[in-house]
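Here is a short set of exercises to work through with the structure open beside you. Try each task before reading its solution.

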Amino acid sequence: MTERPEKTLDIPASYMQVLAHYYRAEVYRSCIWRTRLDVTTNWAILAMTAAFSWAFTSGNREAHVLFPITSCVMLLLLIIEARRFRFYDVWWTRTRLLEGHLVVPALNPDLKLLQGNWREFLSNDLLLPTFKLSFWEAIARRLANIYIYLFLILFLGWIGHVYTGADADGNDWVTIGEFLRNCRYRFLHPVFTILFQVSLFGVVAGVLLVNWKARNISGEIRRKDPEAPNWPV
């Protein structure tokens, strides 16, 4: 007796109804956590906008300190969002499994299905849920999607504020001394401010580069590898 092909699924009709409701539940979960991600992202953009508005309209040369402070706030929001993204990725992975192994065969019964024991994987994950992304991979994913651009805008805004606030004495170019003088904030030495800003952006960019290949960081919609026979679900 030949083994029944996998594409027939061999799932009783009563259980298919359970799976249909379960699929709706997983989609709802992923949507809820997607909304939570958007909330922290909106907070980050709002904080950046407030820093630019206050710094460039206050007329105070020392207002450039708002940019490193906002960068620290942005770092905290990134950590919170990375934690939320790890939870979102759990529900998103389960949803993609159901779509790839239940919806796709219903749409195209003759299509060769993906390989791997997806039922065992999904059932084990329901019994003992596990994260699919490490914390640093989640950090890199959110950096690649949006946060690296926010950090870059804040860094350039800090340079622009210090530069425009320097007294060039009628010269076309601001001297290094004038630039350093404007980097000072009260009792803080200007070198400390510069090292903090450069170090913070360097660490953020380094984390992104080191984890760039983690699960093909290119956003949530992933393209199929031309050399792969099947979709990586």
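**Exercise 1. Salt bridges within a helix**

Task: In the predicted model, find where aspartate 38 and arginine 34 lie, and how many residues apart they are.

Solution: Start with the helix: aspartate 38 and arginine 34 are both part of H1. Their positions differ by 4 residues, about one turn of the helix. Next, look at the side chains, where the closest N and O atoms of the two residues are 3.1 Å apart. The cut-off for a salt bridge is 4 Å, so the pair forms a salt bridge. Finally, check the surroundings. Aspartate 38 has a relative accessible area of 34% and is partly exposed, and arginine 34, at 22%, counts as partly exposed too.

Now repeat the steps for arginine 96 and glutamate 99. Both belong to helix H2 and sit 3 residues apart, again about one turn of the helix. Their closest N and O atoms are 2.8 Å apart, and they form a salt bridge. Arginine 96 is partly exposed at 28% relative accessibility, as is glutamate 99 at 23%.

**Exercise 2. A salt bridge between helices**

Task: Work out which parts of the chain are tied together by glutamate 26 and arginine 94, and decide whether these two residues are buried or exposed.

Solution: First, the contact: the closest N and O atoms of glutamate 26 and arginine 94 are 3.2 Å apart, in a salt bridge. Second, the location: glutamate 26 belongs to helix H1 and arginine 94 to helix H2, so the bridge joins parts of the chain that are 68 residues apart in sequence. Third, the accessibility: both residues are buried. Last, widen the view. Glu26 and Arg94 belong to a network of salt bridges that also links Arg29, Asp125 and Lys132. Across the model, the count of salt bridges comes to 7.

**Exercise 3. Two stacked phenylalanine pairs**

Task: Describe how the rings of phenylalanine 52 and phenylalanine 56 are arranged, then do likewise for phenylalanine 155 and phenylalanine 201.

Solution: A useful reminder is that a pair of aromatic rings is described by the distance of the centres and the angle of the planes. The model has 9 aromatic pairs. In the pair of phenylalanine 52 and phenylalanine 56, the centres are 5.9 Å apart with 15° between the planes, a stacked arrangement. These residues are 4 apart in helix H1, which means that about one helical turn separates them. Phenylalanine 52 is partly exposed, at a relative accessible area of 24%, and phenylalanine 56 is partly exposed at 42%.

For phenylalanine 155 and phenylalanine 201, the ring centres are 5.3 Å apart and the planes are at 15°, so this pair is stacked. Here the pair links distant parts of the chain, with phenylalanine 155 in helix H4 and phenylalanine 201 in helix H6, 46 residues apart. Phenylalanine 155 has 17% relative accessibility and counts as buried, while phenylalanine 201, at 22%, is partly exposed.

To finish, look for Trp33, Phe87 and Phe131, which ring pairs link into a cluster.

**Exercise 4. The faces of H6**

Task: Compare the expected span of helix H6 with the distance between its end C-alpha atoms, and say where its buried residues fall.

Solution: Helix H6 runs over residues 190-210, 21 residues in total. At 1.5 Å a residue it should span 30 Å, and its end C-alpha atoms are 30 Å apart, which agrees. Its buried residues are Pro190, Thr193, Gln197, Leu200, Val204, Val207 and Leu208. Seen down the helix axis, they fall within an arc of 160°, so they line one face of H6. The face turned away from that buried side carries the exposed residues Leu195, Val203, Leu209 and Val210.

**Exercise 5. A nonpolar surface patch**

Task: Identify which residues make the nonpolar surface patch of about 350 Å² and which helices supply them.

Solution: The patch is made by Leu75, Ile79, Phe135 and Trp136. Helices H2 (66-107) and H4 (135-165) each supply at least two of its residues. Take leucine 75 as an example: this residue lies in helix H2 and, at 31% relative accessibility, counts as partly exposed.

Notes
Residues are numbered from 1 along each chain as its sequence is written. This is a predicted model: local features need pLDDT of at least 70, side-chain atom pairs count only at pLDDT 80 or more; totals for chains, interfaces and linings use all residues. Side-chain values use heavy atoms; hydrogens and water are left out. The expected span of a helix is 1.5 Å times one less than its number of residues. Buried means under 20% relative accessible area, exposed over 50%, partly exposed in between (1.4 Å probe, protein chains only). The arc is that of the directions from the helix axis to the C-beta atoms. Patches are made of residues with over 30% relative accessible area and no salt bridge: like charges are joined within 9 Å, nonpolar side chains (Val, Leu, Ile, Met, Phe, Trp, Tyr) within 5 Å. Accessible areas come from the Shrake-Rupley method with a 1.4 Å probe; for residues, only the protein chains shown count as cover. Rings of Phe, Tyr and Trp (its six-membered ring) pair if their centres lie within 6.5 Å; planes under 30 degrees apart count as stacked, over 60 as edge-to-face and the rest as tilted.
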